Amino acid sequence: MNLYLISQNENNSYDTYDAAVVAAESEDEARQIHPSYPNGWLHKSNTWATVPENVSVRLIGGATEGTKAGEILSSFNAG
């Protein structure tokens with residue numbers, strides 16, 4: 001399990017997420033994690049990128065044993 005920084009520049013107004021730290025097995029899996037909705041991309045949202053392809057992913061390290069996949073921390077720009 002790895003830790004990734006995911007970010008987006010598509011929706012960067014008030015009440016949007018600009019980044020999150022997530023635990024995932026791969027870069028592709030990290031890109032599928034949606035900070036607004038735990039069920040992923042089933043919902044259209046104006047708080048995050050509209051499609052996974054618009055999410056940037058950067059490996060930041062390894063997760064400790066037992067870390068579950070998903071969002072660890074997110075950055076939300078409240079308005």
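**Figure 1. D28 and R31 share helix α1.** Both residues lie in this helix, 3 residues apart, which is about one turn of the helix. Please keep in mind that the model shown here is a predicted one. The side chains of D28 and R31 come together in a salt bridge, with 3.7 Å from N to O. R31 has a second partner in view: its side chain also meets that of E27 in a salt bridge (3.5 Å, N to O). Through these shared partners, salt bridges join E27, D28 and R31 into one network. E27 sits in helix α1 (residues 27-31) as well, 4 residues from R31, again about one turn of the helix. The structure holds 2 salt bridges.

**Figure 2. How buried or exposed are the three members of the salt-bridge network?** D28 is exposed, with a relative accessible area of 56%. E27 counts as partly exposed because its relative accessibility is 39%. R31 has a relative accessibility of 18%, so this arginine counts as buried; the cut-off for buried is under 20%.

**Figure 3. N11 sits in the loop between β1 and β2.** This loop joins β1 (2-7) to β2 (16-24), and N11 has its place there. Although it belongs to a loop, N11 counts as buried, because its relative accessibility is 18%. Look for the polar atom of the N11 side chain that lies 2.6 Å from the backbone oxygen of W48. Leaving aside residues up to four places away in sequence, N11 touches T16, Y17, S45, N46, W48, A49 and T50.

**Figure 4. Four strands form an open sheet.** The strand order is β3-β1-β2-β4, and the pairing is antiparallel. Strands β3 and β4 (70-77) stand at the edges with a single partner strand each, so one side of each has no neighbour in the sheet. On average, neighbouring strands of this sheet are turned by 20° against each other, direction ignored.

**Figure 5. β1 pairs with β2 and with β3.** With β2, the antiparallel pairing of β1 runs over 6 bridges. Which residue of β2 is the bridge partner of Y4? The partner is V22. With strand β3 (residues 56-62), β1 also pairs in the antiparallel sense, over 6 bridges. Here you can find N2 with its bridge partner G62 in β3, and L5 standing opposite R58 of that strand. A helpful reminder for tracing side chains: in a regular strand they alternate between the two faces of the sheet.

Conventions:
Residues numbered from 1 in each chain as written. Predicted model: local features only at pLDDT ≥ 70, side-chain atom pairs only at ≥ 80, totals over all residues. Heavy atoms only, no water. Helix = DSSP H or I, 4+ residues; strand = E, 2+ residues; numbered from the N terminus. Buried < 20%, exposed > 50% of the residue type's maximum accessible area, 1.4 Å probe, protein only. Polar contact = N/O pair within 3.5 Å; in protein donor to acceptor, adjacent residues only side chain to side chain. Contact = heavy atoms within 4.5 Å. Pairing = 2+ DSSP bridges. Axes fitted to C-alpha atoms, helices over the stretch in contact; angles between N-to-C directions. Salt bridge = Lys/Arg side-chain N within 4 Å of Asp/Glu carboxyl O.
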